[in-house]
Amino acid sequence: MLFRSNPALQGRADVTVAEALTGAAARIEDKYAALPRPVRGHLHAAMQIALSELSRAQEAVQAGRHAVPALAEALAAGEADAAPALHEARLRLALDLVQLSRLDEATAVVAELEAALGDPQGQPPLLRARLLFVKSWLTAGDLSLQASLGQLEEAAALVRGLSAAEAPARASILFALADNLALVGRLLEAEAEYRALLDEQLRALGEDHPRTNYTRVGLANALARQHRHDEARALLEEAAPRLASTLGAGHRHTLAAEDMLADLHARQGLWAAAAAGWARVETGYTALMGRSEEHTSELQSRVDISYAVFCLKKK
């Protein structure tokens, strides 16, 4: 099913892989209605993994909500391989709920998973690392960043020596570690983590993979915060169009790259480019979240200010 979802096989250059997978996932219940629910649960779980890897959180959550109860039913019926599949589905569901800011739901899913797993010390190291990774997004309170960073450092220590084949979540954990290092101001350490990860991804995934290009965005952020604007801009000018072509122009990762690039354009006095970039980002975020959201209102203000400055400079 995943193989047939590739639009290139159908000659559809106008459809991204993510869009094709979204359509295929939505048809599982109708197309495979004759199959037992646990079997459909495994299909939903496969789509959940694929959509989550492509950072399609909304669609991955929908697939996960189908997968978790169906796999729980399979486990109750004595299916041998249902337990690891159910653990995976819950981990993915919790993380994608976090991406959508549904923290209460994510916390509830993590609680279900921890209850099923039992003693943390008895968990396999990779599963423990992934659970720490998910929990790092749910830490709250005045010291939340430092607490999250501690969890991510512990998770990174568990996976750093493993290959991507041995630990598929390794790249996500190391990216999150770099991101948190940047957030707490440890910018040189963040840059080093991003560069090491980017080198690995370029070798393993190539120039155009969404993960490679979103790591470029993270590295650009670390460089921009060190006032190395030209280096950051070059990375974003590579990453933004590649993310648009693989994930779509309206994807949140594409919009994050465009937003950061527009900000750099403004910092360098390129007001027309900044206004055009922020206009695209504002349109994208409005489609994702609605015009009433604070971020879209802020972006509209940036567009207006950039355009006004551009017009003044032309006079």
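This is a short tour of the structure, stop by stop, with what to select at each one.

The model is predicted, so local features are described only at pLDDT of at least 70 and side-chain atom pairs only at pLDDT 80 or more, while totals for chains, interfaces and linings use all residues. Residues are numbered from 1 along each chain as its sequence is written, and side-chain values use heavy atoms, with hydrogens and water left out.

**The whole chain**

Start with the full protein chain in a cartoon view. It has 15 helices and zero strands; both are DSSP runs numbered from the N terminus, with at least four residues (H or I) for a helix and at least two (E) for a strand. Of its 315 residues, 44% are buried. Buried means under 20% relative accessible area, exposed means over 50%, and partly exposed lies in between, with a 1.4 Å probe and protein chains only. Switch to a surface view: the accessible surface is about 15,400 Å², and carbon and sulfur atoms hold 56% of it. Such areas come from the Shrake-Rupley method with a 1.4 Å probe, and for residues only the protein chains shown count as cover.

**Helix 4**

Select residues 57-76, which are helix 4. This helix has 20 residues and reaches 28 Å from its first C-alpha to its last, close to the expected 28 Å; the expected span is 1.5 Å times one less than the number of residues. Among its buried residues are Glu-59, Val-61, Gly-64, Val-68 and Leu-71. Now add helix 1 (17-26), helix 3 (37-53) and helix 5 (82-99), which are included in what covers those buried residues. Gly-78 follows helix 4 and has a positive phi, near 95°.

**The nonpolar core**

Next select Leu-71, Ile-173, Tyr-194, Val-217 and Leu-236, the residues with the most contacts inside the largest nonpolar core, which has 74 residues. A nonpolar core is a set of buried Ala, Val, Leu, Ile, Met, Phe, Trp, Tyr and Cys residues joined through side-chain atoms within 4.5 Å. Stay on Tyr-194: leaving aside neighbours within four places in sequence, its contacts (heavy atoms within 4.5 Å) include Phe-175, Asp-179, Thr-215 and Leu-219.

**Aromatic pairs**

Show the aromatic rings. The whole structure has three aromatic pairs. Rings of Phe, Tyr and Trp (its six-membered ring) pair if their centres lie within 6.5 Å; planes under 30 degrees apart are stacked, over 60 edge-to-face, and the rest tilted. Phe-133 and Trp-137 are edge-to-face, at 6.4 Å centre to centre and 80° between the planes. Phe-133 is buried, at 7% relative accessibility, and Trp-137 is partly exposed, at 34%.

Move to Phe-175 and Tyr-214, a stacked pair at 5.5 Å centre to centre, with 25° between the planes. The pair links distant parts of the chain: Phe-175 is in helix 9 (residues 170-183) and Tyr-214 in helix 11 (residues 210-224), 39 residues apart. Phe-175 is buried at 17% relative accessibility, and Tyr-214 is partly exposed at 21%. Add Tyr-194 to the selection: ring pairs link Phe-175, Tyr-194 and Tyr-214 into a cluster.

**Two loops**

Most residues other than glycine have a negative phi. For two with a positive value, select Ser-101 and His-227. Ser-101 has a phi near 65°, sits in the loop between helix 5 and helix 6 (103-117), and is exposed at 61% relative accessible area. His-227 also has a phi near 65°; this residue is in the loop between helix 11 and helix 12 (229-247) and is exposed at 63% relative accessibility.
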